[in-house]
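Trainee: Could you take a close look at one part of this model for me, namely the helix pairing and the loops that join helices? I would like a connected account rather than a list.

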Amino acid sequence: MMSQKIQEALNKQLNAEFFSSYFYLSMSAYFEAKDLQGFAKWFRLQADEEYAHAMKIFNYIYQIGGAVKLDKIGGPKTEWNSILEVFLDTFEHEQKITKSINNLLDLSISEKDHATVNFLQWFVSEQVEEEAIAQQNVKRMEMLGDSKSGLFMLDKELGSRVNQ
Ligand code: FEO
């Protein structure tokens with residue numbers, strides 16, 4: 001049985017993952033409006049992945065005898081000044097999520113909750129990957145500059161993404 005503190009922190013992380021899904025779906029909508037189908041697909045799949053992260057936590061809370069308390073999800077940003085800004089926001093957001101996973105892990109260690117420490121290892125690895133991809137996308141956009149053909153190629157490449 002988890003402590004009240006851990007249960008609250010897991011529910012907070014659950015909300016953050018649902019917000020991430022909503023945030024990336026908003027980015028997908030931004031690209032749909034620009035008719036950049038590859039970018040739109042990539043962000044839609046990213047939103048699906050975040051939903052799956054949330055459900056991993058949802059299932060874990062029940063597995064360990066806790067209770068899920070769903071809170072309201074904040075409204076995400078809906079407008080960006082440039083495509084680069086979207087990717088910069090993504091990178092910044094993932095860094096925030098990493099911080100909150102690390103805080104949750106610190107709390108689990110201090111509460112001597114070994115099961116939750118173990119559960120969170122997957123998220124620690126996942127965040128390394130998420131940050132690396134977000135940073136790579138920022139670098140690519142910076143390299144592209146104003147190149148329309150570069151943008152077309154990147155749209156094509158991102159559109160080939162499949163979730164495992
Ligand atoms: Fe679930 Fe991208 O953090």
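Mentor: Helices here are DSSP runs of H or I with at least four residues, numbered from the N terminus, and the model you are looking at is a predicted one. With that naming, helix α3 covers residues 83-110 and helix α4 covers residues 114-144, and the two pack at an angle of about 160° with their axes 9 Å apart. Because angles over 145 degrees count as roughly antiparallel, α3 is described as roughly antiparallel to α4. The crossing in which α3 passes α4 is left-handed, and the residues of the contact between these helices divide into 17 nonpolar, nine polar and four charged.

Between α3 and α4 lies a loop, and Lys112 has its place there. The backbone of Lys112 deserves attention, since its phi is positive, at about 55°, although the residue is not a glycine. As background, most residues other than glycine have a negative phi. Lys112 also counts as exposed, with a relative accessibility of 67%.

A second loop, the one between α1 (4-33) and α2 (37-63), can be read alongside this, and Asp35 is placed in it. Asp35 is likewise a residue other than glycine with a positive phi, in this case near 60°. With a relative accessible area of 57%, Asp35 is exposed, the cut-off for that class being over 50%. To draw the loops together, Lys112 sits between α3 and α4, while Asp35 sits between α1 and α2.

Key. Residues numbered from 1 in each chain as written. Predicted model: local features only at pLDDT ≥ 70, side-chain atom pairs only at ≥ 80, totals over all residues. Heavy atoms only, no water. Axes fitted to C-alpha atoms, helices over the stretch in contact; angles between N-to-C directions. Parallel < 35°, antiparallel > 145°, perpendicular 65-115°, else oblique. Left-handed = near helix turned anticlockwise from the far one by under 90°. Nonpolar A, V, L, I, M, F, W, Y, C, P; charged D, E, K, R; others polar. Buried < 20%, exposed > 50% of the residue type's maximum accessible area, 1.4 Å probe, protein only.
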